[in-house]
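Subject: Structure handover

Hello,

Here is the structure I promised to pass on. Please open it first, then read my notes below.

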Amino acid sequence: PPPSGAPAPTLKGLPPRWRVKDNSIPGFAYQGTWTIQGRELRYNYSTASGDKAEGSMALENWDGAMLILHNRGAKRFYRGLLQPGGKTIRGTTSPCPPRMACTWEASAEK
């Protein structure tokens with residue numbers, strides 16, 4: 001959370017919908033969408049085998065370059081950097097099991 005008295009971060013400046021590839025959960029290669037709703041990001045994922053996941057992540061920080069989200073249910077943090085061109089964010093999650101990449105990539109929908 002922001003320091004006391006500091007304004008809460010917002011996702012201002014980011015497109016509202018993103019296509020996501022999330023390889024941060026061992027054994028699952030999720031694909032789906034992120035939808036920005038205020039200070040919350042809703043996700044809706046599925047795998048090729050039909051496994052599904054949906055929920056929300058809270059915004060911890062967005063400074064125009066670095067994005068930090070908190071998936072409280074999974075107890076994971078998503079940290080990513082906006083790539084040149086401003087339409088892709090790439091990052092990792094933590095905690096991450098040993099020998100795992102725990103990567104994700106989100107591309108703005110047109």
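Is Glu 109 buried, partly exposed or exposed? Glu 109 is partly exposed, because its relative accessible area is 29% and the partly exposed class runs between 20% and 50%. Please keep in mind that this is a predicted model.

Salt bridges

The count of salt bridges is four. Here are the ones I looked at.

Glu 109 pairs with Arg 17. Their closest N and O atoms are 3.0 Å apart. This pair links distant parts of the chain, with the two positions 92 residues apart in sequence numbering. Arg 17 belongs to strand β1, residues 17-25. Glu 109 sits in the segment after β8, which covers 103-108. Arg 17 is also partly exposed, at 34% relative accessibility. The pair is part of a network of salt bridges that links Arg 17, Arg 19 and Glu 109.

Next come Glu 60 and Arg 72. Their side chains form a salt bridge, with N to O at 3.9 Å. Glu 60 is in strand β4 (residues 52-62), and Arg 72 is in the loop between β5 (66-71) and β6 (76-82), so the bridge ties together parts twelve residues apart in sequence. Arg 72 is exposed, because its relative accessible area is 55% and the cut-off for exposed is over 50%.

Then there is Arg 90 with Glu 105. The closest N and O atoms are 2.9 Å apart in this salt bridge. Arg 90 lies in strand β7 (residues 88-94) and Glu 105 in strand β8, so parts 15 residues apart in sequence are tied together. Both ends are partly exposed: Arg 90 has 44% relative accessibility, and Glu 105 has 28%.

Strands and hairpins

Now for the strands. β5 and β6 are antiparallel and pair over six bridges. Across this pairing, Ile 68 faces Arg 79 of β6. The two strands make a hairpin with four residues between them. In that hairpin, Lys 75 has a positive phi near 55°.

β6 also pairs with β7. These strands run antiparallel too, joined by six bridges. Gly 80 has Gly 91 in β7 as its bridge partner. Here the hairpin has five residues between the strands. Gly 85, in the turn, takes a positive phi of about 100°.

Where would I start looking? Try Arg 90: its strand, β7, is joined to β6, and its side chain bridges to Glu 105.

Best wishes

How values were computed:
Residues are numbered from 1 along each chain as its sequence is written. This is a predicted model: local features need pLDDT of at least 70, side-chain atom pairs count only at pLDDT 80 or more; totals for chains, interfaces and linings use all residues. Side-chain values use heavy atoms; hydrogens and water are left out. Buried means under 20% relative accessible area, exposed over 50%, partly exposed in between (1.4 Å probe, protein chains only). Two strands pair if DSSP finds at least two bridges between them.
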